[in-house]
Amino acid sequence: MEGIIPLLKPKGMTSHDCVFRLRKILKMKRIGHTGTLDPDVTGVLPICIGRATKVAEYITDAGKQYEGEVTLGWTTTTEDASGDIVEHKKVNQSFTREQIESVLKSFVGTIEQTPPMYSAVKVKGKKLYEYARQGIEVERPTRKVNIYELQLLDDRAIFTGETIKFRFRVTCSKGTYIRTLAVMIGQALGYPAHMSELIRTRSASFSLDDCFTFEQIEKHMVDESMDQVLMPLELGISHLPKYQINDKVAEKVKNGAVISIPEQLKEIEGPIMIESENHKALALYIHHPSKPGLMKPAKVLAID
């Protein structure tokens, strides 16, 4: 059994919990998730099965899309609704739709974020949330992330009240903390804020419409129809540039040979999917660090 299961992650489970449950359902161990989702977050979580675990990191590196909710009025230790209140400030003004849209627009592009203390980022070998649980505050590394699109989903003209909530859709790069983005949006509007709700609507090539629940997967397992659930690993890396080769070169690729970079891909910096004439992924290649004009395998995917 191999391929990618686009799982509809339920609320209350970590990504690791999801892998553990699928190992029991599928009765196999070679299963991996494609990036950490907080327990309170629902939505698209591609799960790699068997040989597809080789491409998990490339799905993790792909862009993501989320729909969330910002609540103005207070911020929390975890920057979401599950944490303890850190700061509270009554919202004593109204905001127009144009004001909020202007703030959202200001975050589109490359921004800097400092990960929250309650996160899985490691500092000196320990995850930040381990320090946080001990009440220890440590210096956190600032990272640059890309916001490709940030759109207001609420259709109100005026936003008013002691607390104000509004929904948004964001398309972003790997490593973006949506919780932190919600806090940053609040700061730009002049109020403490937190992310009160979040669902991931897309990860790499997979959307909510592609996803299966645990219950559906269990039923397909019983009915011996897992072919309807398992997506080909090629779909998980379809966002990467492709280079199709003939059978003669394919044999070299399967053995990890260094090959020439085609002219049309010489400006590509990241991995390139090498595919056979029948569109099967054979390997992922990268530019050779010391041999200009050549590329070497990062991952060989072919079975033989």
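Helices here are DSSP runs of H or I with at least four residues, numbered from the N terminus. Keep in mind that this is a predicted model. With that in place, look at the end of α1: the residue that follows the helix is Lys27, and its phi is positive, near 55 degrees.

Now step back along the helix itself. α1 takes in residues 15–26, and because each of its 12 residues should add 1.5 Å, a span of 16 Å is expected; the C-alpha atoms at its ends are indeed 16 Å apart.

Which residues of α1 are buried? They are Ser15, Cys18, Val19, Leu22, Ile25 and Leu26. These residues sit on the same side of α1, because the arc they cover around the axis is only 125 degrees. The spacing makes sense: an α-helix has 3.6 residues a turn, so residues three or four places apart point the same way. Flip to the face turned away from that buried side and you'll find His16 and Lys24, both exposed. As for what covers the buried residues of α1, the list includes three strands, β1 (3–9), β2 (31–33) and β3 (42–49), along with the helix α6 (214–222).

Next, jump to Ser205, in the loop between β14 (193–203) and β15 (206–207). Setting aside residues up to four places away in sequence, Ser205 touches Asp210, Leu235, Ser238 and His239. With Leu235 there is a polar pairing to look at: a polar atom of the Ser205 side chain lies 3.1 Å from the backbone oxygen of Leu235. Ser205 can also be placed relative to Gly63, which is 142 residues away along the chain, yet their C-alpha atoms are separated by 9.0 Å.

Note on methods. Residues numbered from 1 in each chain as written. Predicted model: local features only at pLDDT ≥ 70, side-chain atom pairs only at ≥ 80, totals over all residues. Heavy atoms only, no water. Helix = DSSP H or I, 4+ residues; strand = E, 2+ residues; numbered from the N terminus. Expected span 1.5 Å × (residues − 1). Buried < 20%, exposed > 50% of the residue type's maximum accessible area, 1.4 Å probe, protein only. Arc of directions from axis to C-beta. Contact = heavy atoms within 4.5 Å. Polar contact = N/O pair within 3.5 Å; in protein donor to acceptor, adjacent residues only side chain to side chain.
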